[in-house]
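Colleague: I have the sequence and the model open, and I would like a close look at one part of it. Please start from a single residue and work outwards.

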Amino acid sequence: MSDIGVRYGGEEFIIVLPNTDKVTAFEVTERIRTTVESTPVAIGRDKRMFVTASFGVATYGIDANSFDALLAKTDNALYDAKKAGKNRICLA
């Protein structure tokens, strides 16, 4: 199975990294976060802006043993990242 990214809500996405430990998941997420942070987004013909992203990371089998519990742990970690100032990653 390969990695999967899907839109989950209005501004929320899920990235599934099968057979990936939490340290590696953090590293992958950090690469995504820094790429988002440093890549200008076109808004109109001559305007650019920068955006940031916050992430929550949880692992199946360690943080949770069901899909619903894993989703809840990840969501809680995401909201912790947002409360801590955004543009960061929090681990479950």
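Modeller: I start with Val28, which counts as buried because its relative accessibility is 18%; buried means under 20% relative accessible area, exposed over 50%, and partly exposed in between, with a 1.4 Å probe and protein chains only. The model is predicted, so local features need pLDDT of at least 70 and side-chain atom pairs pLDDT 80 or more, while totals for chains, interfaces and linings use all residues. Residues are numbered from 1 along each chain as its sequence is written, and side-chain values use heavy atoms, without hydrogens or water.

Val28 sits in helix H1 (helices, H or I, have at least four residues and strands, E, at least two; both are DSSP runs numbered from the N terminus). Helix H1 covers residues 22-38, and a loop joins strand E2 (13-16) to it. From Val28 to Gly56 there are 28 residues along the chain, and their C-alpha atoms are separated by 12 Å.

Gly56 leads to the largest pocket, since it is one of the five lining residues that lie nearest the pocket centre, with Phe13, Ile14, Ile15 and Thr74. A pocket here is an open set of points on a 1 Å grid where a 1.4 Å probe fits, with protein on both sides within 12 Å along at least five of seven lines; lining residues have an atom within 4 Å of a point. The lining of the largest pocket counts 32 residues. At least two of them come from each of E2, H1, strand E5 (55-57) and H2. H2 makes the largest share of that lining, with seven residues. The largest pocket holds about 1,100 Å³ of space, the volume being what is filled by probe spheres set on the points, which are joined across faces, edges and corners.

Helix H2 spans residues 67-83, and the loop after it, which leads to strand E6 (89-91), contains Lys86. Lys86 counts as exposed because its relative accessible area is 51%. Its phi is positive, near 70 degrees, although Lys86 is not a glycine. Most residues other than glycine have a negative phi.

Asn19 also has a positive phi, about 55 degrees, without being a glycine. Its place is the loop from strand E2 to helix H1. At 83% relative accessibility, Asn19 is exposed.

Next come two residues in other parts of the chain. Val6 belongs to strand E1, residues 4-7, and is partly exposed because its relative accessibility is 41%. Asp46 occupies the loop joining strand E3 (41-42) to strand E4 (48-49). With a relative accessible area of 70%, Asp46 counts as exposed. Between Asp46 and Asp3 the C-alpha distance is 35 Å, for a separation of 43 residues in sequence.

The whole chain gives the setting for these residues. It has two helices and six strands, and from the N terminus on their order is β-β-α-β-β-β-α-β. The C-alpha trace spans about 50 × 30 × 25 Å along its principal axes. Of the 92 residues in the chain, 26% are buried, and Val28, at 18% relative accessibility, counts as buried too.
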